[in-house]
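Biologist: Could you take me on a close look at the largest cavity in this protein chain, and tell me which residues line it? I would be glad of a little background on the chain along the way.

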Amino acid sequence: MSTRGFLGFVVDGQKKIAYNQHDSAPAGLGTAVMAWAERADLETARRLARELRVVTDGDAPTAEEIERLKPYTDDLEHVGREGPTWDELLWKTQGDPLTILTCGYVADATAFAVCFAEWGYLVNFDSGELEVYRGRQSAPHHDGRFANHAPFQETLWPVRLVATFPLGHADYGALQALGA
C-alpha cells in the first residue's frame, strides 16, 4: 500500500502544498526532505518558493504550460481527455523539493493534506523549520496550523504537528523515530 502524504512550503505566510502518492513516512519522504534541506541553498529555495505558482483544477493549463511541463509529466500520449490535468503535468515532481521549486508550479493539495494525508512535511521558510505532520487523527487537537480545520465526517480529524526541525540541521534519528 502507498503511504500518501504531502510536501509543501511556507513563505511570506502562504502555504503551497503538493500531493505525494507513496512512501511519505518519515523514513521515506521525511528523510528525503530533511536531506534536501541540509544541502540546499535555502535563500535560493526561498526565492523559488515565493515564485511558485499554485494551480487548481479550475485553472486550465495553457498550451505553453503543457509544453513547458513535459519533463515533469509521466505520459501525455495516453491522456484521454481534452487536455492533461495539473496532477498529470506535475506527476514527476512528487516528493522532490528541488524539482517542485524548479518547475515553478504546484497543484494545490491543501484539502487532501488536511484530513487524508498519512504524513506531511512543510518547509517553513518564515520560521526556518521543517514541520512534520501525522495524519489519521481520531480526535480533535490543537497541534499545528491545520488543527482548526473541520474533521472529515466527524471521524477523521486534521493532521497533527508532531515535530519541527531547524532547516539545514538534520536529525534523522529523531525524524525516523516519529514513524516507529
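Modeller: Happy to! Read along the sequence, this predicted model runs β-β-α-α-β-α-α-α-β-α-β-β-β-α, a total of seven helices and seven strands. The radius of gyration is 16 Å, close to the 16 Å that the globule rule gives for 180 residues, so the chain is as compact as a globular protein of that length. Its C-alpha trace spans about 45 × 40 × 30 Å along the principal axes.

How is the chain packed? Buried residues account for 43% of the 180 residues. If we take contacts between residues at least 6 apart in sequence, 61% of them join residues at least 24 apart. On the outside, the chain exposes about 9100 Å², with carbon and sulfur atoms supplying 48% of that area.

Now to the part you asked about. Rolling a probe the size of a water molecule over the atoms shows where empty space is left. In this model the count comes to one cavity of 30 Å³ or more, and the largest cavity holds about 30 Å³ of space. Its lining is made by M34, A37, L130, F165, P166, L167, G168 and H169. Two elements, α1 (26-39) and β7 (160-166), each give two or more residues to that lining. What is the chemical character of the lining residues? Six are nonpolar and two are polar, while no charged residue takes part.

Key: Residues are numbered from 1 along each chain as its sequence is written. This is a predicted model: local features need pLDDT of at least 70, side-chain atom pairs count only at pLDDT 80 or more; totals for chains, interfaces and linings use all residues. Side-chain values use heavy atoms; hydrogens and water are left out. On a 1 Å grid over the protein atoms alone, a cavity is a set of points where a 1.4 Å probe fits but cannot get out, and a pocket is an open set with protein on both sides within 12 Å along at least five of seven lines; lining residues have an atom within 4 Å of a point. Grid points are joined across faces, edges and corners, and a volume is the space filled by probe spheres set on the points. Helices (H or I, at least four residues) and strands (E, at least two) are DSSP runs, numbered from the N terminus. Ala, Val, Leu, Ile, Met, Phe, Trp, Tyr, Cys and Pro count as nonpolar, Asp, Glu, Lys and Arg as charged, and the others, Gly among them, as polar. The radius of gyration is taken over C-alpha atoms; the globule rule is 2.2 Å times the number of residues to the power 0.38. Buried means under 20% relative accessible area, exposed over 50%, partly exposed in between (1.4 Å probe, protein chains only). Contact means heavy atoms within 4.5 Å. Accessible areas come from the Shrake-Rupley method with a 1.4 Å probe; for residues, only the protein chains shown count as cover.
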